[in-house]
Amino acid sequence: MSKTIEITVLPNGQTKVETKGFVGSECRQASQFIEKALGQQTDEVLKAEFHQSASRQQPVQEGG
Amino acid sequence: MSHIVSIQTEVRDPVAIRSACDRLKLPEPVFGQVKLFSNSATGWAVQLPEWRYPVVADVNTGKLAYDNYNGRWGEQKQLDRFLQGYAVEKAKIEARKKGHSVIEQPLEDGSIKLTVSVGGAA
């Protein structure tokens, strides 16, 4: 799966940054440069894939 | 897929301010001290359409100074449009610095989506 960072800039100038195709916490490193450049982080939602290790899939818990 | 981060845009890059002005066909930003109605501000001044006073960006703090008299001296939507243009241009500049390709796409709700390809896949 290709790795992408999707940036949605709302009409009021607020931004949402979403990473796709990354495994575990590498997504954070991948998109950090954009997040820092744009401004103050107000919210972060970790998705299921964040909790997967690179080698094998593990059961996923909500709310991590 | 891994995480979603929400960000409140801070205006800190003069190059992206200039790009946003080009993009929105606004006059070039000017650096200096600008008088607003009852006070003054120093930074990059941007003249928005039909605003009585410019918006002044302090790139050290990321804050904007302006006086639009609760919308009577300038519509909020013009400021929002500038912030959106700034964020789009800033994200594109940073992605290209890293050597990533960027595709820009307008969405129906007025948002702008940028897709940054990481790791060579253009």
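This briefing walks through the strands, helices and loops of a predicted two-chain model. The model is a prediction, with local features needing pLDDT of at least 70 and side-chain atom pairs counting only at pLDDT 80 or more, while totals for chains, interfaces and linings use all residues. Residues are numbered from 1 along each chain as its sequence is written, chains are lettered from A and ligands numbered from 1 in the order in which they are written, and side-chain values use heavy atoms, with hydrogens and water left out. At the centre of this tour is an open sheet of six strands drawn from chains A and B, followed by the helices that lie across it.

**The two chains**

- Chain A contains one helix and three strands, where helices (H or I, at least four residues) and strands (E, at least two) are DSSP runs, numbered from the N terminus.
- Reading chain A from the N terminus, you meet its elements in the order β-β-α-β.
- Chain A has 64 residues, and 42% of them count as buried; buried means under 20% relative accessible area, exposed means over 50%, and partly exposed lies in between, with a 1.4 Å probe and protein chains only.
- If you take the contacts (heavy atoms within 4.5 Å) in chain A between residues at least 6 apart in sequence, 26% of them join residues at least 24 apart.
- Chain B carries two helices and seven strands, arranged from the N terminus as β-α-β-β-β-β-α-β-β.
- Of the 122 residues in chain B, 51% are buried.
- For chain B, residues 24 or more positions apart make up 41% of the contacts with a separation of 6 or more.
- The C-alpha trace of chain B spans about 50 × 30 × 25 Å along its principal axes.

**The sheet across both chains**

- The strand order is β3(A)-β1(B)-β2(A)-β1(A)-β7(B)-β6(B), with antiparallel pairing; two strands pair if DSSP finds at least two bridges between them.
- At the edges sit β3 (39–46) of chain A and β6 (101–106) of chain B, each of which pairs on one side only.
- From one strand to the next, the twist averages 20°.
- Within chain A, β1 (residues 3–9) and β2 (residues 15–20) run antiparallel and are joined by six bridges.
- On this pair of strands, A:I5 stands opposite A:T19 of β2(A).

**Helices over the sheet**

- Helix α1 (residues 26–38) of chain A lies across β1, β2 and β3 of chain A and β1 (3–9) of chain B, at about 10° to β1(B); axes are lines fitted to C-alpha atoms, for helices over the stretch in contact, and angles run from 0 to 180 degrees between N-to-C directions.
- Helix α2 (residues 76–97) of chain B lies across β1 and β2 of chain A along with β1, β6 and β7 (112–118) of chain B, and runs at about 10° to β7(B).
- A kink of about 50° in α1(A) is centred on A:Q32, the bend at a residue being the angle between axes fitted to the seven residues ending there and the seven starting there.
- Buried residues of α1(A) include A:C27, A:A30, A:F33 and A:I34.
- The cover over the buried residues of α1(A) includes β1, β2 and β3 of chain A, as well as β1 and α2 of chain B.
- After α1(A) comes A:G39, with a positive phi near 155°.

**Where the two helices meet**

- The axes of α1(A) and α2(B) come within 10 Å and cross at roughly 145°.
- The residues making this contact are A:F33, A:I34, A:A37 and A:L38 of α1(A), and B:A87, B:K90, B:A91, B:E94 and B:A95 of α2(B).

**Hairpin and loops of chain B**

- Strands β2 (residues 30–35) and β3 (residues 40–46) of chain B pair antiparallel over six bridges, and they form a hairpin with four residues between them.
- In this hairpin, B:G32 stands opposite B:G43 of β3(B).
- B:K25, in the loop between α1 (14–23) and β2 of chain B, has a positive phi near 55° although it is not glycine.
- B:K25 counts as exposed because its relative accessibility is 75%.
- B:E50, in the loop between β3 and β4 (55–58) of chain B, is also a residue other than glycine with positive phi, near 60°.
- At 77% relative accessibility, B:E50 counts as exposed.
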